[in-house]
Amino acid sequence: MTADGSNPLISVQPNALKFVFELEKPSFCDLKVVNNTEHHVAFKVKTTSPKKYFVRPNTGVVQPWDSSVIRVTLQAPREYPPDMQCKDKFLLQSTVVPPNTDVDDLPADTFNKESTKEIQECKLKVFYVTPSTRGNSEDEGFKSYSDQAPDSNSAVQQLKDERDAAVRQTLQLQQELVCFYFGLADGNRIF
């Protein structure tokens, strides 16, 4: 339920943005936006720090009962924040739009709060994690499962190893793609 008691137009997973924080390396977080209605729903992503993040798509229309993935990329940071704390926030606004509305056809005032349309908002906090701590919560889940089923420890370990290898490979490929996209070679600017 939203603050006014109505059902949310969209749901967002995860409910916070977590970025692996490494100096001079971009990092990203994917958000899955799910339309919970039989209506076409437009969304827009805003942030308190627009120069630090690259959001694509930052505006879109999600078909009824469908979903969309938004990639938020943290630009390569040049220095560590105090205590690795981040005060950045994101706001995802959503509103019902007419059927077959294309994102390019959205009126400029679609997300203007002064209009008569209902605009729902979802606030997301940003967290930084170090490369060594990025999987701890998932590992805890595996640990508790393997404690309950001692005969499957080796199978669980093998699955964890395969998962970790796949995650490392995926992250490497995604970082290479981001570096290529932003004109970076080996993490250094070309110009």
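## Briefing: a sheet, salt bridges and two cysteines

Lys52 has a relative accessibility of 33%, which makes this residue partly exposed. Please keep in mind that this is a predicted model. The tour below starts with Lys52 and its salt-bridge partner, moves on to the other charged pairs, and then takes in an open sheet of four strands, a buried threonine in a loop and two cysteines, Cys86 and Cys122.

**Lys52 and Asp88**

- Lys52 forms a salt bridge with Asp88 through their side chains, with 2.6 Å from N to O.
- Asp88 belongs to the loop between E7 and E8, while Lys52 belongs to the loop between strand E4 (40–47) and E5, so this pair ties together parts that are 36 residues apart in sequence.
- Is Asp88 buried or exposed? Asp88 is buried, because its relative accessible area of 9% falls under the 20% cut-off.
- On the other side of the salt bridge, Lys52 counts as partly exposed.

**Other salt bridges**

- How many salt bridges does the structure hold? The count comes to four, and the Lys52 pair is one of them.
- Another of these links joins Asp30 and Arg71, whose side chains meet at 2.7 Å, N to O.
- Asp30 sits in strand E3 and Arg71 in strand E7, so their salt bridge ties together parts that are 41 residues apart in sequence.
- Asp30 is partly exposed at 30% relative accessibility, and Arg71 is partly exposed at 23%.
- Lys25 and Glu22 also meet in a salt bridge, with their side chains at 3.7 Å, N to O.
- Lys25 has a relative accessible area of 38% and is partly exposed; Glu22 has 23% and is partly exposed as well.

**The four-stranded sheet**

- Which strands make up the open sheet, and in what order? Reading across, the order is E1-E3-E7-E5, and the pairing is antiparallel.
- Strand E1 (10–13) and strand E5 (53–56) each have a single partner strand and stand at the edges, so each has one side without a neighbour in the sheet.
- From one strand to the next, the twist averages 20°.
- As general background, strands of a sheet pair through backbone hydrogen bonds, either parallel or antiparallel.
- E1 and strand E3 (residues 27–35) run antiparallel and are joined by four bridges. Here Gln13 has Lys32 in E3 as its bridge partner.
- E3 and E7 also run antiparallel, with eight bridges between them. Val33 stands opposite Ser68 in E7.
- The salt bridge between Asp30 and Arg71 also links these strands, as Asp30 lies in E3 and Arg71 in E7.
- E5 pairs with strand E7 (residues 67–74) over four bridges, again in the antiparallel sense. Phe54 faces Thr73 of E7 across this pairing.

**Thr110 in its loop**

- Where is Thr110 found? Thr110 lies in the loop between strand E8 (89–97) and strand E9 (120–129).
- Although Thr110 is in a loop, this residue is buried, with a relative accessible area of 3%.
- The side chain of Thr110 reaches the backbone oxygen of Pro107, at a distance of 2.6 Å.
- Which residues does Thr110 contact, once its neighbours within four places in sequence are left aside? They are Thr95, Lys117 and Ile119.

**The cysteines**

- Cys86 is located in the loop between E7 and E8, the loop that also holds Asp88.
- At 16% relative accessibility, Cys86 is buried, since the cut-off for that class is under 20%.
- Not counting residues up to four places away in sequence, Cys86 touches Tyr53, Val126 and Tyr128.
- Val126 is 40 residues from Cys86 along the chain, yet the C-alpha atoms of the two are separated by 6.2 Å.
- Is Cys122 buried or partly exposed? Cys122 is partly exposed, because its relative accessibility is 25%.
- How many disulfides does the structure hold? The number is zero.

How values were computed:
Residues numbered from 1 in each chain as written. Predicted model: local features only at pLDDT ≥ 70, side-chain atom pairs only at ≥ 80, totals over all residues. Heavy atoms only, no water. Pairing = 2+ DSSP bridges. Axes fitted to C-alpha atoms, helices over the stretch in contact; angles between N-to-C directions. Buried < 20%, exposed > 50% of the residue type's maximum accessible area, 1.4 Å probe, protein only. Polar contact = N/O pair within 3.5 Å; in protein donor to acceptor, adjacent residues only side chain to side chain. Contact = heavy atoms within 4.5 Å. Disulfide = S-S within 2.5 Å.
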